[in-house]
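Work through the following exercises with the structure at hand, and try each task before reading its solution.

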Amino acid sequence: MTLPVLLMLVHDGSSVTAVEERDPALPQVGVLDLGVTRGDGVFESIGVVGGRPQALEAHLARLVRSAELLDLPRPDVDVWRSAILRGIEIAGSEALESELLVKLVLTRGLEGGSAPTGWVHVFDSGDYSGDRAGIAVVTLDRGYRSDVAVTSPWLLQGAKTLSYAVNKAALREAARRGADDVVFVSSDGIVLEGPNSTVIALLDGVYVTTPPSLGVLEGTTQAAFFADAEARGAAVEYRAFTVEELRRASAVWLASSGRQIAPVVSLDGVELSGDPASTSETLKRLLAR
Ligand code: PLP
């Protein structure tokens, strides 16, 4: 067993001076680290299937964008890329036999210090078969208007920050309501995203998702889904759509790294028909990326 694998990116100021393999069972992050005390940092989760990290460049680009939005030092993508590939290589046969996740974390570092903290953590992703078979979803009001990214950029909508306590609270609220997952809705009724997923709806024969300009994270899995749909001649569109439209959709999926796509089988307690045959074919192609 080599998993989990932990590689710490040792920083001097904003530059990485070494990438060190460390024991993930031992403490590696200080109690004054702003990532721990304030959730002040960014992260990425990358799916690994058959030893291949999926959408690696898109994840690295998003790490850079999130860091920019938080005024963190710009991550050196070459250093992060090689740390990711080294982590997967250390995982060896486990990376070939099971699906893994690679988590990248970059925090503002120790309070009063001048260097960020960064690491790459490779671990077994667990079993997604239940979610891939179908999930019950509830809509929850996010409490922000759909123009929040423009009016209030300090709210960091669209950045993948470590401040996911709200996202986790929303998932607990879903569980209290007997559901598996959440679709956040803006205060003006626009479908946003899940707490850790992108919403894709099939509306009048067109695959539709919410544009990132409305303060949702730009999804790498949704991008792969759209590329696959377009390659098969299907129409795709980025546009704002309402909860009423979502309720009338012929199929809805939540897309995310690792889980890939989870078909929504019920929305706020009402069954959705969906398209199980196309879901399983698309899932196969996404896993084969
Ligand atoms: N939206 C949010 C808020 C997320 O946390 C995630 C998952 O990381 C996504 C969307 C989906 O992004 P991706 O498909 O790149 O994992």
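**Exercise 1.** Determine which polar atoms of the protein lie close to oxygen and nitrogen atoms of the ligand.

Solution. Begin with Arg62, which places a polar side-chain atom 2.8 Å from an oxygen atom of the ligand, a polar contact being a pair of N or O atoms within 3.5 Å. Continue with Tyr164, where an N or O atom of the side chain is 2.6 Å from a ligand oxygen atom. Finish with Ser197, whose backbone contributes an N or O atom 3.4 Å from a nitrogen atom of the ligand. The model is predicted, so local features need pLDDT of at least 70 and side-chain atom pairs count only at pLDDT 80 or more, whereas totals for chains, interfaces and linings use all residues. Residues are numbered from 1 along each chain as its sequence is written, and side-chain values use heavy atoms, with hydrogens and water left out.

**Exercise 2.** Describe the shell around the ligand by its class composition and by the elements that supply it.

Solution. First, the ligand is surrounded by 17 residues (each with a heavy atom within 4 Å of it), and the closest include Lys160 and Tyr164. Next, sorting by class gives four nonpolar, ten polar and three charged residues, where Ala, Val, Leu, Ile, Met, Phe, Trp, Tyr, Cys and Pro count as nonpolar, Asp, Glu, Lys and Arg as charged, and the others, Gly among them, as polar. Finally, α2 (56-69), α8 (220-231) and β12 (251-256) each supply at least two residues of this shell; these helices (H or I, at least four residues) and strands (E, at least two) are DSSP runs numbered from the N terminus.

Note on methods: Polar contact = N/O pair within 3.5 Å; in protein donor to acceptor, adjacent residues only side chain to side chain.
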